[in-house]
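Q: Could you take a close look at one part of this model for me? I would like to hear about the nonpolar patch on the surface and the parts of the chain that build it.

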Amino acid sequence: MGSFSIWHWAIVAIVVLLLFGGRGKLSAMMGDAAKGVKAFRDGLKDTDETKSSDQQRAGALPRTDAEKEDLKQ
């Protein structure tokens, strides 16, 4: 029970091969994760720009005469 069986070593070998085997799979996975984070941030920026443009449009509505008088005072 205290020693590793063949299955333990097989799982360790598979994990090592997945992470470090081939043409830089670890760096490719990290690159994909970075692209995902960047896309998420860009999505948040688009949402912020949409909110600010909605607020600008709301401020650009025509004012009534009463509102114009309040602004003059």
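**The nonpolar surface patch**

A: Happy to! In this predicted model, a nonpolar patch on the surface is formed by F4, W9, V12, V16, F20, L26, M29 and M30. Together these residues have about 840 Å² of accessible area.

Two helices each supply at least two residues of the patch: helix 1 (6-20) and helix 2 (25-59). Helix 1 gives the most, with 4 residues, and W9 is a patch member that lies in helix 1. A general point about spacing helps here: an α-helix has 3.6 residues a turn, so residues three or four places apart point the same way.

Helix 1 deserves a moment of its own. The helix has 15 residues, and at 1.5 Å a residue they should span 21 Å; the end C-alpha atoms are 21 Å apart, so the expected span and the model agree. Helix 1 is also hardly covered, as the count of buried residues among its 15 residues is 0.

Now for the setting of the patch. The chain has 3 helices and 0 strands, and reading along the sequence gives the pattern α-α-α. Buried residues make up 1% of the 73 residues in the chain, where buried means under 20% relative accessible area. The accessible surface of the chain comes to about 7000 Å², and 64% of that belongs to carbon and sulfur atoms.

To bring this back to your request: the patch draws on both helix 1 and helix 2, with helix 1 giving the most.

Terms used
Residues are numbered from 1 along each chain as its sequence is written. This is a predicted model: local features need pLDDT of at least 70, side-chain atom pairs count only at pLDDT 80 or more; totals for chains, interfaces and linings use all residues. Side-chain values use heavy atoms; hydrogens and water are left out. Patches are made of residues with over 30% relative accessible area and no salt bridge: like charges are joined within 9 Å, nonpolar side chains (Val, Leu, Ile, Met, Phe, Trp, Tyr) within 5 Å. Accessible areas come from the Shrake-Rupley method with a 1.4 Å probe; for residues, only the protein chains shown count as cover. A salt bridge is a side-chain nitrogen of Lys or Arg within 4 Å of a carboxyl oxygen of Asp or Glu. Buried means under 20% relative accessible area, exposed over 50%, partly exposed in between (1.4 Å probe, protein chains only). The expected span of a helix is 1.5 Å times one less than its number of residues.
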